[in-house]
Amino acid sequence: QVQLVESGGDSVQAGGSLRISCAVSGSTYSSALMAWFRQAPGKEREGVAGIYTGGGSTGYADSVKGRFTISQDNAKNTVYLQMNSLKPEDTAMYYCARREGRGWTASPLNENKYDYWGQGTQVTVSS
């Protein structure tokens, strides 16, 4: 059974930085499409960043380009989201998602592509 466990969420001041992690267990695939999504209260879930761990291709939402970086550590089966220049509008529950058995996609931020989800980690940015 594939499990995703997010960690690292915290409360930070605007302009600050934070790195959140997604640890994967129970998978038999060495490569997968993985992504970070977020959902703020009263809003729909939106894709933030995606990565194909087999080749390193990445994709970002326009709202986070230049501020957020998704990366991987295959030895640790972990995907990270480095968030810099945080804004109050980045406040949300951040979820990790995974799709196995297929490669990169032109739409990595489409939540319908993903089969496995974590429970989320809260990021709060205060002004």
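Start by selecting strand β4, residues 32-39, in this predicted model. Of its 8 residues, 7 are buried, so β4 is largely enclosed by the rest of the structure.

Keep β4 highlighted and add strand β5, residues 46-52. These two run antiparallel to each other, paired over 6 bridges. To see one of those pairings, click on M34: its bridge partner in β5 is I51. Now follow the chain from one strand to the other. β4 and β5 make a hairpin, with 6 residues between them. Pick out G42 in the turn, which has a positive phi of about 80°.

Next, bring in strand β9, residues 92-100. What is the sense of its pairing with β4? The two strands pair in the antiparallel sense, over 8 bridges. Zoom in on F37 and you'll find Y95 of β9 standing opposite.

Stay on β9 and select C96, which sits in that strand. Which residue does C96 join up with? Its partner is C22, and the two form a disulfide with an S to S distance of 2.1 Å. The structure holds 1 disulfide, and this bond links distant parts of the chain: C22 lies in strand β3 (residues 18-25), 74 residues away from C96.

Are these cysteines buried or exposed? Both C22 and C96 are buried, so each has under 20% relative accessible area.

For a last look, turn the view to the S-S bond itself. The torsion about the bond between C22 and C96 is about -80°, which makes this a left-handed disulfide.

Definitions and conventions
Residues numbered from 1 in each chain as written. Predicted model: local features only at pLDDT ≥ 70, side-chain atom pairs only at ≥ 80, totals over all residues. Heavy atoms only, no water. Disulfide = S-S within 2.5 Å. Helix = DSSP H or I, 4+ residues; strand = E, 2+ residues; numbered from the N terminus. Buried < 20%, exposed > 50% of the residue type's maximum accessible area, 1.4 Å probe, protein only. Pairing = 2+ DSSP bridges.
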